[in-house]
Amino acid sequence: MALLHYEKIDTVAAMIMGWVVNSAMIIVAAAVFSRNQVVVDSIEQAAATLTPLAGPLAGLLFAIALVFAGVGSSVTSSMAEVNVITGFLGKPEDPRTLLYKMSVFVTAIPSFLIILMSMDTFRILIFSQVVLSIQLPFTLIPLLILCRDKKLMGQFSSGRLEFSAALIISAIVIILNLYLLYSTITGA
């Protein structure tokens, strides 16, 4: 029970920090791009447009932010993927096991291939967000159903208020992601 409590605190803190960082990046980028009426089509150009705000350190700050964002998302992604793999196989999530180590390695292969093939990172970044938007409803909807199931979750099942809030937030996220998919396909 105590472990579940600390897991909840850790998850909420991580989500809030991620939200703050992502929101700050979006707000700063929107302010710079809107003010200068710039259409960005490369990562290098995105870094250069921060020069009015950060001066000559813009490129360095942008690179540091990307490294931290990349490391953070890579660690989170790998840990989540290993959790799913070990959970589906009914094995313990133990970093000392070969299954755990192999799962972390295998899930990192697509990233390494993109790096080795020297693909256009800006296009890959946009493509990855579109792919994430496609899979998101397949994650959110089952989670909503499972969290509301009293037979499965027992005393930890979502209450009416919590479920309503999660349902509204999920609907907003799904609608925004459908719009992202639509605008990417149509070029709008």
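This passage walks through the fold of the protein, its core and several of its helices, as seen in a predicted model.

The overall picture comes first. The protein contains 8 helices and 0 strands, and read from the N terminus the elements follow the order α-α-α-α-α-α-α-α. Along the principal axes, the C-alpha atoms occupy a box of roughly 55 × 40 × 35 Å. Of the 188 residues, 16% count as buried. The surface exposed by the protein comes to about 14200 Å², and 75% of that area is supplied by carbon and sulfur atoms. Charged side chains number 10 positive and 10 negative, with the centres of the two sets 10 Å apart. When contacts between residues at least 6 apart in sequence are considered, 34% of them join residues at least 24 apart.

The interior is a good place to look next. The largest nonpolar core has 8 residues in all: Val40, Ile43, Ala46, Ala47, Leu50, Ala58, Phe62 and Phe122. Two helices, α2 (43–48) and α4 (58–89), each contribute at least two residues to this core. The most comes from α2, which gives 3 residues. Ile43 offers a closer view of this region: with residues up to four places away in sequence left out, Ile43 touches Phe62, Leu66, Thr121 and Phe122. Two of these partners, Phe62 and Phe122, are themselves members of the core.

Helix α4 deserves a description of its own. At 1.5 Å a residue, its 32 residues should span 46 Å, and the end C-alpha atoms of α4 are indeed 46 Å apart, so the expected and modelled lengths agree. The buried residues of α4 are Ala58, Phe62, Ser78, Val82 and Thr86. Of these, Ala58 and Phe62 also belong to the largest nonpolar core. The packing partners of the buried residues of α4 are α2, α3 (51–54) and α5 (98–116). Ser77 is another residue of α4, and Ser77 counts as partly exposed because its relative accessible area is 30%, which falls between the 20% and 50% cut-offs. Between the C-alpha atoms of Ser77 and Ala14 the distance is 13 Å, with 63 residues separating the pair in sequence. Just after α4 comes Gly90, which takes a positive phi of about 70°.

The packing of α4 against α5 can be followed through a single residue. Ser103 lies in helix α5. With a relative accessible area of 5%, Ser103 is under the 20% cut-off and therefore counts as buried. Once neighbours within four places in sequence are set aside, Ser103 is in contact with Val82 and Ile85. Val82 is one of the buried residues of α4.

Helix α8 (residues 160–186) invites a similar look. For its 27 residues, a rise of 1.5 Å a residue predicts a span of 39 Å; the end C-alpha atoms of α8 are 38 Å apart, which agrees. Ser170, Ile174, Asn177 and Ser183 are buried in α8, and the buried residues of this helix pack against α6 (121–148). After α8 comes Gly187, with a positive phi near 75°.

Two further residues of α8 help to fill in the picture. Leu180 is found in this helix, and a relative accessible area of 29% places Leu180 in the partly exposed class. Not counting residues up to four places away in sequence, Leu180 touches Gln129, Val130 and Ser133. For Leu180 and Ser133, the C-alpha atoms are 7.5 Å apart in space, although the two residues are 47 residues apart in sequence. Glu162 also belongs to α8. Its relative accessible area is 46%, so Glu162 is partly exposed. Glu162 and Phe138 are 24 residues apart in sequence, and their C-alpha atoms lie 20 Å apart.

How values were computed. Residues are numbered from 1 along each chain as its sequence is written. This is a predicted model: local features need pLDDT of at least 70, side-chain atom pairs count only at pLDDT 80 or more; totals for chains, interfaces and linings use all residues. Side-chain values use heavy atoms; hydrogens and water are left out. Helices (H or I, at least four residues) and strands (E, at least two) are DSSP runs, numbered from the N terminus. Buried means under 20% relative accessible area, exposed over 50%, partly exposed in between (1.4 Å probe, protein chains only). Contact means heavy atoms within 4.5 Å. Accessible areas come from the Shrake-Rupley method with a 1.4 Å probe; for residues, only the protein chains shown count as cover. Lys and Arg count as positive and Asp and Glu as negative; His and the chain ends are not counted. The place of a charge is taken as NZ of Lys, CZ of Arg, CG of Asp or CD of Glu. A nonpolar core is a set of buried Ala, Val, Leu, Ile, Met, Phe, Trp, Tyr and Cys residues joined through side-chain atoms within 4.5 Å. The expected span of a helix is 1.5 Å times one less than its number of residues.
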